[in-house]
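This report looks at a ligand and its surroundings, and then at how the chain is divided. Please keep the structure in view while reading.

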Amino acid sequence: MKNQKKNHLEKKEIKKAFVIGEPISHSLSPKLHQFWIKKYQMNASYEAIEVSIKNLPSFIENLQKNQFLGGNVTIPLKENMFKFCEKISKEANDIGAINTLYYKNGQLYGDNSDYIGFLKNLDQQAKDWDENADKKHAIIIGAGGAARAIIYALIKRNFSHIHILNRTKPRALDLSKSMSLYAPKNIKITAHDLDEFNILAPNISLVINTSSVGMKGTSFKNLKLKNLPKEAIINDIVYTPINTPLLNDAQNLGLKTVDGLGMLLHQAVLGFEKWFGVKPEVDEDLKTYMLSLLGEK
Ligand code: ATR
């Protein structure tokens, strides 16, 4: 009887999750999930593990042996995860990237929460941003993986015209063609050079920078933000620094701005809920804590 009780207690193991990628030491995800683990008093852990494309098969093979309930996947593994998942969400499939793993009915499930993180961030920070979206135009700067998830999100909210502007226009063209496959006929997706910004600007309701410009204080040259309507919203997904030169310039013109930290916080909700069974809140306390880690407050 005594032994039975002991076994029972031993079975109440710690719930384990991870973030994998390479490099991974810079990832803010462990601090974010650990904040929630503490807040909700959970017997759980979340750790960053450096995994290369080469080591991914053996890491996945040992997932259950290592008692992981799932985790997050980041650069450069997001596109490589497909072949290791037994089930894939429609969203991850359409976006072409997996950033969240969890078990569903005993099968490893690959999902994408980047697009929902983007949407929830705007819903929280810029209420009504998508009101009458079917009459609105957006500019996306950049044509990488982040742009894909965000275009997908804008399609979901029915934006009427999505202009992709990229330093290398052929990449924007490839992306516009592939994302058009997921868009209903009434949604236009077009490709442009970066310097078309100033001409397009007067019709634009929302600008999202998904390129790496803004990191470490780098800035765009010759973007005339003053050509935008005064109600335009500017969102930068770069959050180091939190006030990128683009956001600073927009604020100086009195435009509404949305920073990129919120997308990181909101994309984390899906995984936490799936692994640990609690839907965590993205609130001011969390944001203040994360900003302090970034040396911002
Ligand atoms: P991610 O998957 O995170 O979106 P990525 O695929 O490396 O990252 O894409 C980075 C984006 O930033 C690209 O659109 C890139 O433009 P190119 O396609 O021309 O490379 C853009 N980018 C990077 N540095 C830039 C710069 N100095 N000026 C303008 N765009 C830049």
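## The pocket

In this predicted model, the ligand takes up the space of the largest pocket.

The shell around the ligand is made of seven polar, four nonpolar and two charged residues. The ligand on its own has 650 Å² of accessible area; how much of this the protein covers is given after the contacts below.

## Contacts with the ligand

Which residues come nearest to the ligand? Of the 13 around it, these are A143, G145, N166, R167 and T168.

Three of these residues have a polar atom placed beside an oxygen atom of the ligand. In A143, a backbone N or O atom lies 2.8 Å from a ligand oxygen. For G145, a polar backbone atom is 2.9 Å from an oxygen atom of the ligand. R167 uses its side chain: a polar atom there lies 2.9 Å from a ligand oxygen. The protein covers 66% of the ligand's 650 Å² of accessible area.

## Two domains

How is the chain divided? Domain 1 consists of two stretches, 2-112 and 268-293, while domain 2 spans 116-262.

Taken over C-alpha atoms, the centres of domain 1 and domain 2 are 29 Å apart. Where the domains meet, eleven residues of domain 1 are in contact with eleven residues of domain 2.

Note on methods. Residues numbered from 1 in each chain as written. Predicted model: local features only at pLDDT ≥ 70, side-chain atom pairs only at ≥ 80, totals over all residues. Heavy atoms only, no water. Near = heavy atom within 4 Å. Polar contact = N/O pair within 3.5 Å; in protein donor to acceptor, adjacent residues only side chain to side chain. Areas by Shrake-Rupley, 256 points an atom, 1.4 Å probe, with all protein chains shown as cover. 1 Å grid on protein atoms, 1.4 Å probe; cavity = no way out; pocket = protein on both sides within 12 Å on 5 of 7 lines; lining within 4 Å. Sits in = over half its atoms within 2 Å of the grid points. Nonpolar A, V, L, I, M, F, W, Y, C, P; charged D, E, K, R; others polar. Domains from an automatic or database assignment. Contact = heavy atoms within 4.5 Å.
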